[in-house]
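Please look over the sequence and the model below before reading on. The paragraphs after it are meant to be followed with the coordinates open beside them.

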Amino acid sequence: MSITKTDVEHVAKLARLDLSDNEKELFTEQLNAILKYAEQLNELNTEGVIPTSHAMPLVNVMREDVTKPSLPIEKVMLNAPDHEDGQFKVPAVLE
């Protein structure tokens, strides 16, 4: 697999980047060098290696849900630019 200048132009367009011709050439070369380096992994013997998603074992550390009192609505509404009937008032987005 290799990256072409057209691929770089396509990605630049998606990212809304205005690249010069020199930058396009440079990024094409750099991305191809990265891919070439990554292809070396295909040469490794991975027979018997268990697939992993992380190098370190992960354990979810979960706390128990504890009910706590909420802020009073009056205090919350102090941060609202506009409010009505105890709710944030926002501009309509649908007609």
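What follows is a walk through the charged pairs of this model and then through a patch on its surface.

The model is a predicted one, and its side chains form three salt bridges. Side chains of opposite charge can pair when their charged atoms come close.

A good place to begin is the pair made by glutamate 25 and lysine 5, whose side chains meet in a salt bridge with an N to O distance of 3.5 Å. Because glutamate 25 belongs to helix 2 while lysine 5 belongs to helix 1, which covers residues 5–14, this pair ties together parts of the chain that are 20 residues apart in sequence. Glutamate 25 has a relative accessibility of 38% and so counts as partly exposed, and lysine 5, with a relative accessible area of 30%, is likewise partly exposed.

A salt bridge also joins glutamate 9 to lysine 24, with the closest N and O atoms 3.6 Å apart. This pair, too, links distant parts of the chain, since glutamate 9 sits in helix 1 and lysine 24 in helix 2, at a separation of 15 residues. Glutamate 9 is partly exposed at 32% relative accessibility, whereas lysine 24 has a relative accessible area of 16% and is therefore buried, the cut-off for that class being under 20%.

What does lysine 24 touch, once its neighbours within four places in sequence are left aside? The residues in contact with lysine 24 on that basis are Lys5, Val8, Glu9 and Leu19. Two of these names have already come up, for Glu9 is the salt-bridge partner of lysine 24, and Lys5 is the residue that pairs with glutamate 25.

The remaining pair is found further along the sequence, where lysine 89 forms a salt bridge with glutamate 84 and the closest N and O atoms are 3.1 Å apart. Lysine 89 counts as partly exposed at 43% relative accessibility, and glutamate 84, with a relative accessible area of 43%, is also partly exposed.

Turning from charged to nonpolar side chains, the reader can locate a surface patch formed by Leu26, Phe27, Leu31 and Ile34, which together have about 330 Å² of accessible area. One of its members, isoleucine 34, is found in helix 2, which spans residues 21–39. Isoleucine 34 has a relative accessibility of 54% and thus counts as exposed, since that class begins over 50%. Helix 2 accordingly carries both this exposed isoleucine 34 and the buried lysine 24.

Terms used. Residues numbered from 1 in each chain as written. Predicted model: local features only at pLDDT ≥ 70, side-chain atom pairs only at ≥ 80, totals over all residues. Heavy atoms only, no water. Patch = residues over 30% accessible without salt bridge, like charges linked within 9 Å, V, L, I, M, F, W, Y side chains within 5 Å. Areas by Shrake-Rupley, 256 points an atom, 1.4 Å probe, with all protein chains shown as cover. Salt bridge = Lys/Arg side-chain N within 4 Å of Asp/Glu carboxyl O. Helix = DSSP H or I, 4+ residues; strand = E, 2+ residues; numbered from the N terminus. Buried < 20%, exposed > 50% of the residue type's maximum accessible area, 1.4 Å probe, protein only. Contact = heavy atoms within 4.5 Å.
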